[in-house]
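Here's a quick briefing to read with the model open beside you. Rotate as you go, and check each point against the coordinates.

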Amino acid sequence: MKFKDFLNEAPLPDKWDKDKFKGRLDFKGMVEYAIERSKVLGKGSSRIAFEIEYEGRPTALKIAMNPAGIAQNEQESKYLNDSLIVDLGITIPIIDFDTTNIKPRWIHTEMADSIDEDVFIKIFGIDLKNAITCIVADNNVMAPQSELTKNNMKLLNRDNDLYRSIKKLLVSNPDILYGDIARIVNWGLYKNKPVILDIGYDSVSSKIKRLK
C-alpha cells in the first residue's frame, strides 16, 4: 500500500494533495499541511509524528522537518524492513515509506501505546537505561565498567526474550548506538509487548558529526 493510495482511502475531511510531499516543496509547507489535517502525536528535533487512520485503526506517520529527518527516515526504513531485525519482534511494524522522492520524507508505521518504566523493571529487574547499559557491557566484556554497572549486572534478569532480542540486535547491528534504545521515549507497547518506536537517530547523528 503506497502513501497516495493510503491517503485516498483514509476517511479524512479533505483529500490530501500528494504533491505537498514531493521534494520540490519546502519542509515547512509539508508539515503545516499535515498539521491542518491530522493530530500531532509528538515532535522531535528532526521529525514530527501524526496520527492517521488506516484500514480502520490509528497509525503513525512520521514526517521529516529537515534534512536530518530525511536521514533518520532513510536509516529507520532500512532497519524496519530488515528481516533479521523484524524477526526479533522488538521493533514497531512498518506499513510503508516514501519512495516518490530519492530519500524518504515520510515513514508510516503501526502505532503503539505508551509504556512506563515499571514494564522494564518487571522484565529486567532494573530500569531500561541501566538494563541497556548492562546488555552493551555483556557484548563487550573487556570494556571498563562503573561500580553502578557492575552492581546492575548482578541484578539484571537475562532469562527473558527481550534481553535475548536486544542482545542479538546490538551484536548484528553495531551501527545502532546506545541512545537509540536506552531512552524510554523511544519505546511503546504494541500488542502488549515492548517495541522500539524510533531507531536510527543516534546512528544518523553520529554520521553527521563525523562529516562536519
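Strand 2 and strand 3 make a hairpin, with two residues between them. One residue in that turn, E55, has a positive phi of about 50°. Bear in mind that this is a predicted model. From the hairpin, the tour moves out to the rest of the sheet, the helices on it, the pocket and a few single residues.

**The hairpin and its turn**

- Eight bridges hold strand 2 and strand 3 together, and the two run antiparallel.
- For one of the pairings, look at R47, whose bridge partner in strand 3 is A64.
- E55 sits in the loop between strand 2 and strand 3, and its positive phi is found in a residue other than glycine.
- Is E55 buried or exposed? With a relative accessibility of 57%, E55 counts as exposed, because the cut-off for that label is over 50%.
- Strand 3 itself is mostly covered, with six of its eight residues buried.

**The rest of the sheet**

- The hairpin strands belong to an open sheet of five strands, ordered 1-2-3-5-4 and paired antiparallel.
- Which strands sit at the edges? They are strand 1 (39–43) and strand 4 (94–97), each of which pairs on one side only.
- On average, neighbouring strands in this sheet are turned by 25° against each other, ignoring direction.
- Strand 1 is joined to strand 2 (residues 47–54) by four bridges, again with the strands running antiparallel.
- Within that pairing, G42 stands opposite A49 of strand 2.
- On the other side of the hairpin, strand 3 pairs with strand 5 in the antiparallel sense, over five bridges.
- A60 and T109 of strand 5 stand opposite each other.
- As a general reminder, the strands of a sheet pair through backbone hydrogen bonds, in either a parallel or an antiparallel way.

**Helices on the sheet**

- Back at the strand 1 and strand 2 pairing, four bridges join the two. Helix 2 (residues 27–35) packs on the sheet and touches strand 1, strand 2 and strand 3 (57–64).
- The direction of helix 2 makes about 160° with that of strand 3.
- Helix 3 (residues 67–80) also packs on the sheet, touching strand 2, strand 3, strand 4 and strand 5 (106–110).
- For helix 3, the angle is given against strand 5, and it comes to about 40°.

**The largest pocket**

- The volume of the largest pocket is about 700 Å³.
- Of its 28 lining residues, G42, A49, V185, N186 and D198 are the closest to the centre. Two of these names should look familiar: G42 stands opposite A49 in the sheet.
- Which strands supply at least two residues each to the lining? Strand 1, strand 2, strand 3 and strand 5 do.
- By residue type, the lining divides into 13 nonpolar, eight polar and seven charged residues.

**Single residues worth a click**

- T109 is part of strand 5, and at 2% relative accessible area it is buried, because anything under 20% gets that label.
- Leaving aside residues up to four places away in sequence, T109 touches T59, A60, K62, L80, I92, P93, I94 and I95. The A60 in that list is the residue that stands opposite T109.
- N152 lies in helix 7 (residues 147–155) and counts as buried, with 7% relative accessibility.
- With the same sequence neighbours left out, N152 touches I126, N130 and C134.
- N192 has a positive phi near 65°, and this residue, too, is something other than glycine.
- N192 lies in the loop between strand 6 (187–190) and strand 7 (193–196), and its relative accessible area of 74% makes it exposed.

**The chain as a whole**

- The secondary structure comes to 10 helices and seven strands.
- How much of the chain is buried? Buried residues make up 44% of its 212 residues.
- Among contacts with a separation of 6 or more, 56% are between residues 24 or more positions apart.

Technical notes:
Residues numbered from 1 in each chain as written. Predicted model: local features only at pLDDT ≥ 70, side-chain atom pairs only at ≥ 80, totals over all residues. Heavy atoms only, no water. Pairing = 2+ DSSP bridges. Axes fitted to C-alpha atoms, helices over the stretch in contact; angles between N-to-C directions. Contact = heavy atoms within 4.5 Å. 1 Å grid on protein atoms, 1.4 Å probe; cavity = no way out; pocket = protein on both sides within 12 Å on 5 of 7 lines; lining within 4 Å. Points joined across faces, edges and corners; volume = space filled by probe spheres on them. Nonpolar A, V, L, I, M, F, W, Y, C, P; charged D, E, K, R; others polar. Buried < 20%, exposed > 50% of the residue type's maximum accessible area, 1.4 Å probe, protein only.
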